[in-house]
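The following account leads through a protein model and the contacts between its side chains. Please keep the sequence and the structure in view while reading.

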Amino acid sequence: MLAFLLTNALHSLTSIYFLTINILAMKNILFSFSVLMLGSFTASAQNAADLAKIEAAVHAFSNSGDQRDVSQLEKILHPQFRAVVNRAFGSPELSLMDKTLYLQLMKDKKIGGDKREVFVLQTDLGKNVATVKALFQGRELRFTTFISLVKLENGEWQIVSDMPEIEKV
């Protein structure tokens, strides 16, 4: 009889032990899931904020070029900015322009000045870099452009390169 009681008690203790282990495992899983979800909501909020800043930078870039506003472009363009224009208007040439040349051409009214509507077609976002494919539709020219941006330490985004495909309308 004593053996029977001890066996039943041992069986009950084993069941309670495994039930406790399962409950603790479920708590760990729920806690881990909660942490992951919270992190994902935080990341989503940060991504949304970055996407808004990136889109604002692209619009400011186009509008500043339309108005030939060199002082505004100075703020938007990264010091290492490059414009890469490949085979524009059927030319076989590849043209590379650094920030200084780009701003000088803007000052000299050799580029810019056409009021354009901006359509952001695609944005790819990394932690500190982004690329945007956009359409700048003007009265005279249409730009399908590929813009690369970098995130600065202060959280602002600057354009580091612009690679437009330019067509006459």
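With which residue does Arg116 form a salt bridge? The partner is Asp66, and the closest N and O atoms of the two side chains are 2.6 Å apart. Arg116 belongs to strand S3 (residues 116-125) and Asp66 to helix H1, so this salt bridge ties together parts that lie 50 residues apart in sequence. Arg116 has a relative accessible area of 12% and is therefore buried, since buried means under 20%. Asp66 is likewise counted as buried, at 10% relative accessibility. Arg116 has a further neighbour to consider: its charged end sits over the ring of Phe143, at 4.9 Å from the ring centre.

The model is a predicted one, and its overall plan helps to place this pair. The secondary structure comprises 3 helices and 6 strands. Read from the N terminus, these elements follow the order α-α-β-β-α-β-β-β-β. The protein has 169 residues, and 28% of them are buried. Its accessible surface amounts to about 11300 Å², with 61% of that area belonging to carbon and sulfur atoms. Among contacts with a separation of 6 or more, 49% involve residues 24 or more positions apart.

The discussion now returns to charged side chains. Side chains of opposite charge can pair when their charged atoms come close. In the whole structure, a search finds 6 salt bridges. One of these joins the side chains of Asp50 and Lys151, with an N to O distance of 3.2 Å. This pair links distant parts of the chain, as Asp50 is in helix H1 (residues 2-67) and Lys151 is in strand S5 (residues 141-151), 101 residues away. What is the relative accessibility of Asp50? The value is 3%, so Asp50 counts as buried. Lys151, by contrast, is partly exposed, with a relative accessible area of 21%. The cut-off explains this assignment: Lys151 is at 21% and buried means under 20%, so Lys151 falls into the partly exposed class.

A further salt bridge connects Lys99 with Glu74, the closest N and O atoms being 3.2 Å apart. Here two helices are involved: Lys99 lies in helix H3 (residues 99-107) and Glu74 in helix H2 (residues 70-76), so the pair ties together parts that are 25 residues apart in sequence. Lys99 counts as buried because its relative accessibility is 9%, whereas Glu74, at 41%, counts as partly exposed.

Aromatic side chains supply another set of contacts. A pair of aromatic rings is described by the distance of the centres and the angle of the planes. The structure holds 3 aromatic pairs. One of them is formed by Phe81 and Tyr102, whose rings are 5.1 Å apart from centre to centre, with 65° between their planes. How is the arrangement of this pair classified, as stacked or edge-to-face? The pair is edge-to-face, because planes over 60 degrees apart are classed in that way. Phe81 is in strand S1 (residues 77-86) and Tyr102 is in helix H3, 21 residues apart, and the pair links these distant parts of the chain. Both residues of the pair, Phe81 and Tyr102, are buried. They also belong to one aromatic cluster, which is formed by Phe61, Phe81, Tyr102 and Phe136.

Helix H3 thus appears in two of these descriptions: Lys99 in helix H3 pairs with Glu74 in helix H2, and Tyr102 in helix H3 pairs with Phe81 in strand S1.

Key:
Residues are numbered from 1 along each chain as its sequence is written. This is a predicted model: local features need pLDDT of at least 70, side-chain atom pairs count only at pLDDT 80 or more; totals for chains, interfaces and linings use all residues. Side-chain values use heavy atoms; hydrogens and water are left out. A salt bridge is a side-chain nitrogen of Lys or Arg within 4 Å of a carboxyl oxygen of Asp or Glu. Helices (H or I, at least four residues) and strands (E, at least two) are DSSP runs, numbered from the N terminus. Buried means under 20% relative accessible area, exposed over 50%, partly exposed in between (1.4 Å probe, protein chains only). Contact means heavy atoms within 4.5 Å. Accessible areas come from the Shrake-Rupley method with a 1.4 Å probe; for residues, only the protein chains shown count as cover. Rings of Phe, Tyr and Trp (its six-membered ring) pair if their centres lie within 6.5 Å; planes under 30 degrees apart count as stacked, over 60 as edge-to-face and the rest as tilted. A charge sits over a ring if NZ of Lys or CZ of Arg is within 6 Å of the ring centre and within 35 degrees of the ring normal.
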